[in-house]
Amino acid sequence: MSDCIFCKIANGEIPTNMVYEDEVVAAFLDTSQVTKGHTLLVPKKHLANIFDYDVKDAGAIFRRIPIIVNALQKAFPDMKGINLLNNNGETAYQTVMHSHLHFLPRYQKEEGFGIKFENNSSQYSDEDLKNMAKKISQAIEV
Ligand code: 5GP
Ligand code: ZN
């Protein structure tokens, strides 16, 4: 897509701190560096977000994950963990509309990145959960 910043980066049209690329993906440093080594993995072809993926895209892109994780672990031996984050849609905080997976190396618990998981289980009865699982399972297409 001509006016997409990540297409331009993936196609080498604008400079970036590239860490890995092949025919399917490009991985480069996120300018914000939320944590040291914060890297983005993007498909080379323009897919807006996960809703654009088919099974083949998912297989091709996500099987590259260990390449980046292993490189980060080797490059930063002080890394104690890693968060993989994939925002899809504005409601889910996606700001760049070319699919990307964040690799956020973690060195300590408090370091400019946080995730809040609330427990909202009190809002659902056992019956609600049963119906919810049924609704999802009936929608699954393989
Ligand atoms: P999102 O909020 O869409 O999940 O994340 C978009 C990310 O892209 C942000 O973390 C932001 O720092 C990063 N970003 C935005 N523009 C550029 C850019 O031109 N180059 C690089 N390397 N990262 C960018
Ligand atoms: Zn794009």
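**Notebook: zinc site and H100**

I looked up the zinc ion (ligand 2) and found its protein donors to be C4 (SG), C7 (SG), H46 (ND1) and H98 (ND1), at 2.0 to 2.3 Å from the ion. I note that this is a predicted model.

I then checked the geometry of the site. The angles among the four donor atoms of the zinc ion (ligand 2) run from 103 to 116°, and the site is tetrahedral. Along the chain, I read the donor spacing as C-x2-C-x38-H-x51-H. Within this set I followed one pair that joins distant parts of the chain: C7 belongs to helix α1 (residues 5–10), while H46 sits in the loop between β3 (39–43) and α2 (55–62), 39 residues apart.

I next looked up the accessibility of these two donors. C7 has a relative accessibility of 3%, so I entered C7 as buried, the limit being under 20%. H46, with a relative accessible area of 25%, I entered as partly exposed.

I turned to the record. An unreviewed UniProt entry lists residues 5–113 as "domain: HIT". In the model I found this span to be 23% helix and 23% strand, with its end C-alpha atoms 24 Å apart.

The unreviewed UniProt entry also lists H100 under "active site". I located H100 in the loop between β4 (81–85) and β5 (101–106). Is H100 buried or exposed? I recorded H100 as buried, because its relative accessibility is 5%. Setting aside neighbours within four places in sequence, I listed the contacts of H100 as F6, L40, L41, V42, L85, N86 and Q94.

How values were computed
Residues are numbered from 1 along each chain as its sequence is written. Chains are lettered from A and ligands numbered from 1 in the order in which they are written. This is a predicted model: local features need pLDDT of at least 70, side-chain atom pairs count only at pLDDT 80 or more; totals for chains, interfaces and linings use all residues. Side-chain values use heavy atoms; hydrogens and water are left out. Donors are N, O and S atoms within 2.8 Å of the metal (3.2 Å for Na, K and Ca); water is not among the atoms, so sites may look incomplete. Four donors count as tetrahedral if all angles lie between 85 and 135 degrees; four count as square planar and six as octahedral if opposite donors are over 155 degrees apart and all others between 65 and 115; anything else is irregular. Helices (H or I, at least four residues) and strands (E, at least two) are DSSP runs, numbered from the N terminus. Buried means under 20% relative accessible area, exposed over 50%, partly exposed in between (1.4 Å probe, protein chains only). UniProt positions are given in the numbering used here, feature names are shortened, and annotations may be inferred rather than shown by experiment. Contact means heavy atoms within 4.5 Å.
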